[in-house]
Amino acid sequence: MNQLVTVIFLLTFLLPVSIAAAPADEKRLNEVVERGVHVMPFDLEKTVHVFTKTDNGGVQKVTVKNISDQEQVSLIRTHLSEIANEFKQGNFSSPEKIHGGDMPGLAELKAARPGEINIEYKVLPIGAQIGYSSESPQLINAIHRWFDAQLSDHARHAEPAQPHQHPPTR
């Protein structure tokens, strides 16, 4: 019985993450890096993207690898602030320039009505983040698919957030 529970746990929680976030092939990874240079001002080799899916959307975090690299921190903050403002206007052209117009989830995000997606920019000590939330199950699913596509395309420079383990309450 314990083995069955273990198998169900692995299939439910670990398998979808590993399949959804499989890295793109080398050619695609190189193309994304090349296009990204023209959109993202920070150095991908000096930074990391972390994508955290949440029940109502997700959080995209970009931080520096070297905490003393204030130039990269500034570039991250400027870029994420700018694209958060663009996203609030329904303008998702920056990710489209990097990943292409057929990026999973992107069409739904672009089609969302004003206010359907809450977009919140936040400064972090070593970078910045953008939070995305919605009450629409379709938009939440679009955000999750969009995150999976970014994880795949930025495989060398991105990682999924690890699930938080909370101690049991008594």
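Here are some short exercises on the structure above, each with a worked solution.

**Before you start**

This is a predicted model, in which local features need pLDDT of at least 70, side-chain atom pairs count only at pLDDT 80 or more, and totals for chains, interfaces and linings use all residues. Residues are numbered from 1 along each chain as its sequence is written, and side-chain values use heavy atoms, with hydrogens and water left out.

**Exercise 1. Confidence**

Find the average pLDDT of the protein chain, then look at residues 4-20 and 164-170.

Step 1. Recall that pLDDT is the predictor's confidence in each residue, from 0 to 100.
Step 2. The protein chain averages 80, and 69% of the residues score at least 70.
Step 3. Turn to residues 4-20: the pLDDT there is below 50, and this stretch has four contacts (heavy atoms within 4.5 Å) beyond near neighbours in sequence.
Step 4. Residues 164-170 also have a pLDDT below 50, with zero contacts beyond near neighbours in sequence.

**Exercise 2. The overall layout**

How many helices and strands does the protein chain have, and in which pattern do they follow along the sequence?

Step 1. Use the DSSP runs: helices are H or I with at least four residues, strands are E with at least two, and both are numbered from the N terminus.
Step 2. Counting these runs gives six helices and five strands.
Step 3. Read along the sequence, they give α-α-β-β-α-α-α-β-β-α-β.
Step 4. Now look at β1 and β2, which pair in the antiparallel sense over eight bridges; two strands pair if DSSP finds at least two bridges between them.
Step 5. These two strands form a hairpin with two residues between them, and V48 has T63 in β2 as its bridge partner.

**Exercise 3. The nonpolar core**

Which residues touch the most other members of the largest nonpolar core, and which element supplies its largest share?

Step 1. Start with the rule: a nonpolar core is a set of buried Ala, Val, Leu, Ile, Met, Phe, Trp, Tyr and Cys residues joined through side-chain atoms within 4.5 Å. Buried means under 20% relative accessible area, exposed over 50%, and partly exposed in between (1.4 Å probe, protein chains only).
Step 2. The largest core has 30 residues, and Y132 and W146 touch the most other members.
Step 3. At least two residues each come from β2 (57-64), α3 (70-88), α5 (106-111), β4 (127-133) and α6 (137-153).
Step 4. The largest share, seven residues, belongs to α6.
Step 5. Follow W146 outwards: leaving out residues up to four places away in sequence, its partners include F87, F92, L106, L109 and Y132.
Step 6. As background, nonpolar side chains tend to be buried together in soluble globular proteins.

**Exercise 4. Helix α6**

Is α6 mostly covered or uncovered, and what is its reach from first C-alpha to last?

Step 1. With 17 residues, α6 reaches 24 Å from its first C-alpha to its last.
Step 2. That is close to the 24 Å expected at 1.5 Å a residue, where the expected span is 1.5 Å times one less than the number of residues.
Step 3. The helix is mostly covered, with 13 of its 17 residues buried.

**Exercise 5. Salt bridges**

How many salt bridges are there, and which residues form them?

Step 1. Apply the rule: a side-chain nitrogen of Lys or Arg lies within 4 Å of a carboxyl oxygen of Asp or Glu. The count comes to three.
Step 2. K53 and D148 meet with N to O at 2.7 Å. This pair links distant parts of the chain, K53 in strand β1 (residues 47-54) and D148 in helix α6, 95 residues apart.
Step 3. Check their exposure: K53 is partly exposed because its relative accessibility is 39%, while D148 is buried at 14%.
Step 4. R145 forms a salt bridge with E108, the closest N and O atoms being 2.3 Å apart. Here too the pair links distant parts of the chain, R145 in helix α6 and E108 in helix α5, 37 residues apart.
Step 5. E116 and R113 meet at 3.4 Å, N to O. E116 counts as partly exposed at 23%, whereas R113 is exposed at 58%.

**Exercise 6. A look at S133**

Is S133 buried or exposed, and which residues does S133 contact?

Step 1. Locate S133 in strand β4.
Step 2. S133 counts as buried because its relative accessibility is 18%.
Step 3. Leaving aside neighbours within four places in sequence, S133 is in contact with N56, G57, E116, I117 and N118.
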